[in-house]
Each structure stands twice: as C-alpha cells, then as structure tokens.
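Me: Could you pick one part of this model and take me through it closely? I'm new to this, so please explain the terms as you go.

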Amino acid sequence: VIGAITRLTESGLSMVEWRPLFGALPPWGDDEWNRVFGLYKETSEYRLANEGMTLAEFQTIFWWEFIHRLWGRSIGLVFAVPFGVFLCRGMFPHRMFPHLVVLFVLGGLQGGIGWWMVKSGFVDRTDVSQYRLAIHLVMAFFILGYLLWVALDIVSPRINRPSSSLRGHAAAVLVTVFVTAFAGGLVAGLRAGLDYNTWPLMGDSFVPEGLFDLTPWWLNAFENIAAVQFDHRMLAYLTVGLVAILWWRARNAEPQIRRAVTALTHMTVLQIGLGIATLLMVVPLPLAVLHQAGAAVTFSLAVWALHAASGRR
C-alpha cells in the first residue's frame with residue numbers, strides 16, 4: 001500500500017542514494033536537506049518534469065519514498081529478530097527452517113529489486129521502467145503468498161482427502177490473479193489508467209484500435225497503452241469467471257474450503273468494482289491505493305483457497 005502511494009504521488013525517484021545501513025536516518029538540518037535536494041536536481045525527472053520545484057515540494061515526495069524504504073527495512077527486522085529468538089530456543093520444526101531462510105533471502109532480494117527499479121528512472125526519463133516496476137510488485141506478491149502458505153501450514157488444518165479437481169481449479173485461480181497483478185503493474189508503470197476512462201467500452205468499442213501498432217507484435221503487451229489496459233481488463237474478467245465457477249463447484253465441499261472460496265468470491269467482486277471505479281474517476285489516489293490493496297487481499301484469499309483445497313501432506 002505504501003508502495004502504491006509512493007508510485008501514485010510520483011515520489012519514487014526522490015531518493016537518489018541507496019544506503020542500506022545509514023539510509024534509515026532522514027536528512028537532518030538545512031545543509032543535509034539542501035544536499036539531497038541538490039542530488040535530485042541532477043536527475044532527469046527534475047530537469048524534464050519538476051524544474052523549479054521548491055525545497056518544501058521536494059520534501060513532500062521525499063518523505064513518501066523514505067517511509068517506503070524504512071518500512072521495507074522494518075519488515076526485515078520484524079522477521080529476523082523473532083526468527084533468531086525462536087531458532088535459538090529450538091521452536092522451529094525442521095521442515096520449516098529452509099522455507100524461513102528462503103523468505104529472509106527473498107526479502108533482501110526485494111530491496112535490491114526496488115533499487116534496480118529506481119535506477120531505471122535516472123536515465124533520460126521521468127519515471128521508472130514499467131518492466132522493473134511490475135517485477136518489484138509481483139515479487140512482493142510472491143513473498144506475501146509464500147509467507148501465508150507457511151503460516152497456514154501452522155495454523156490451519158487441511159482435509160485428509162482433497163479434491164484434485166478443486167485443487168487444480170484453485171491453482172488456476174491463483175496463477176490468474178498473480179498474472180493479473182503483473183498486468184496491473186504494467187498499467188501503473190505506463191500510467192495506462194489515465195487513458196480509456198470508460199467502461200465496459202474502451203473509448204467507442206469493446207476492443208480498442210491500435211492493439212498491435214508496435215513491432216514486433218509481442219511488444220504491444222508490455223509497451224502499448226491500449227493493449228496493456230485491454231489485457232488487464234481481460235485478465236480481470238477471466239479471474240471473475242474462474243472464481244465464480246470455483247464457488248459453484250465448491251458449494252458442497254468441506255467447510256474450510258467453502259469458507260475460503262466464499263471469501264475469495266466476495267473479494268473478487270469488490271476488487272473488480274474498485275478497478276472500474278478507479279478507471280472511471282481517472283485514478284484518484286484513495287481509490288487507486290484501495291485497488292492495489294484489494295489486489296493483495298484477493299491474492300491472499302486465493303492462496304488460502306488453494307491451501308484449503310490441497311489437503312494434508
């Protein structure tokens with residue numbers, strides 16, 4: 001959610017330095033503020049989009065990026081400190097240990113991906129690469145899903161005899177939600193939500209013109225604004241359809257599966273409503289942030305549904 005606010009307020013390029021250790025401390029005093037502002041003035045974003053920005057205006061965008069990075073570091077501490085304590089006390093089952101180590105490494109890797117993303121915006125452009133932004137987003141989703149799966153293994157019992165067809169269907173839903181989130185990252189990176197602010201049509205037609213204007217043809221899915229928004233819409237419709245069928249098929253399943261699938265169904269309906277409202281209102285900050293938060297909740301519930309349908313090991 002904080003990452004969404006950082007992106008939507010165009011704050012992500014305000015911190016030119018990456019200091020993993022000392023970066024947890026904000027600028028202190030006029031001299032330090034003027035130093036970091038001077039570094040920002042050397043970026044292409046300042047020269048091409050924000051020339052003449054005052055120090056007060058710079059501080060507004062700086063704080064969002066600073067909070068985003070600080071929160072990321074805090075996640076590492078919240079994970080690492082209890083991990084060390086529980087490890088010393090021998091509280092982890094042996095099978096959990098490799099998963100927790102992988103999660104810790106992925107958390108550190110995500111910080112590196114974030115800086116790799118930011119660096120793409122320092123070269124003759126005013127924003128970051130939509131490819132790197134989407135990768136940063138889906139890595140966050142992957143870590144979230146991994147964490148939830150490990151947690152559910154601890155706190156949520158699974159049925160003894162799972163339905164392989166329901167399990168496969170739930171897996172297909174999870175993959176579709178994940179891909180839809182990736183497409184949403186491309187929409188955000190290209191600011192594609194600021195175009196075609198109509199629904200269910202895109203402009204005057206359901207399928208907009210110019211879907212294959214770029215060559216080679218596959219480039220349209222990643223760099224053509226019309227195609228990127230169209231793909232995100234189609235994936236959202238596919239998600240709704242798959243979830244609706246899963247709900248129908250799971251109506252007589254075990255209670256834990258029904259609960260997970262019902263929650264997922266309700267959230268999917270809410271999420272597509274948030275997406276439509278965000279588009280029609282031309283991406284206002286509160287709705288856009290809620291839409292990204294809704295994507296995370298939808299993905300989390302899809303993980304829960306698959307876990308419930310998977311049965312015991």
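**A close look at helix 9**

Reply: Let's start with length: at 1.5 Å a residue, the 25 residues of helix 9 should span 36 Å, and its end C-alpha atoms are 36 Å apart, which agrees. (A helix here is a DSSP run of H or I with at least four residues, numbered from the N terminus; the expected span is 1.5 Å times one less than the number of residues.) This is a predicted model, so local features need pLDDT of at least 70 and side-chain atom pairs pLDDT 80 or more, while totals for chains, interfaces and linings use all residues. Residues are numbered from 1 along each chain as its sequence is written, and side-chain values use heavy atoms, leaving out hydrogens and water.

Now zoom in on Val228, which sits in helix 9 (residues 225-249). Val228 is buried, with a relative accessible area of 2%; buried means under 20%, using a 1.4 Å probe and protein chains only. Leaving aside residues up to four places away in sequence, Val228 touches neighbours including Ala183, Leu186, Val187 and Phe222, where contact means heavy atoms within 4.5 Å.

Val228 has buried company in helix 9, including Phe230, Leu235, Val243 and Leu246. Among the elements covering the buried residues of this helix are helix 7 (164-190) and helix 10 (255-280).

Leu246 also turns up in the largest nonpolar core, which has 27 residues; Leu246 is among those with the most contacts inside it, along with Val173, Ile257 and Leu264. (Such a core is a set of buried Ala, Val, Leu, Ile, Met, Phe, Trp, Tyr and Cys residues joined through side-chain atoms within 4.5 Å.) Helix 11 gives the most to this core, with nine residues.

Technical notes:
Helices (H or I, at least four residues) and strands (E, at least two) are DSSP runs, numbered from the N terminus. Buried means under 20% relative accessible area, exposed over 50%, partly exposed in between (1.4 Å probe, protein chains only).
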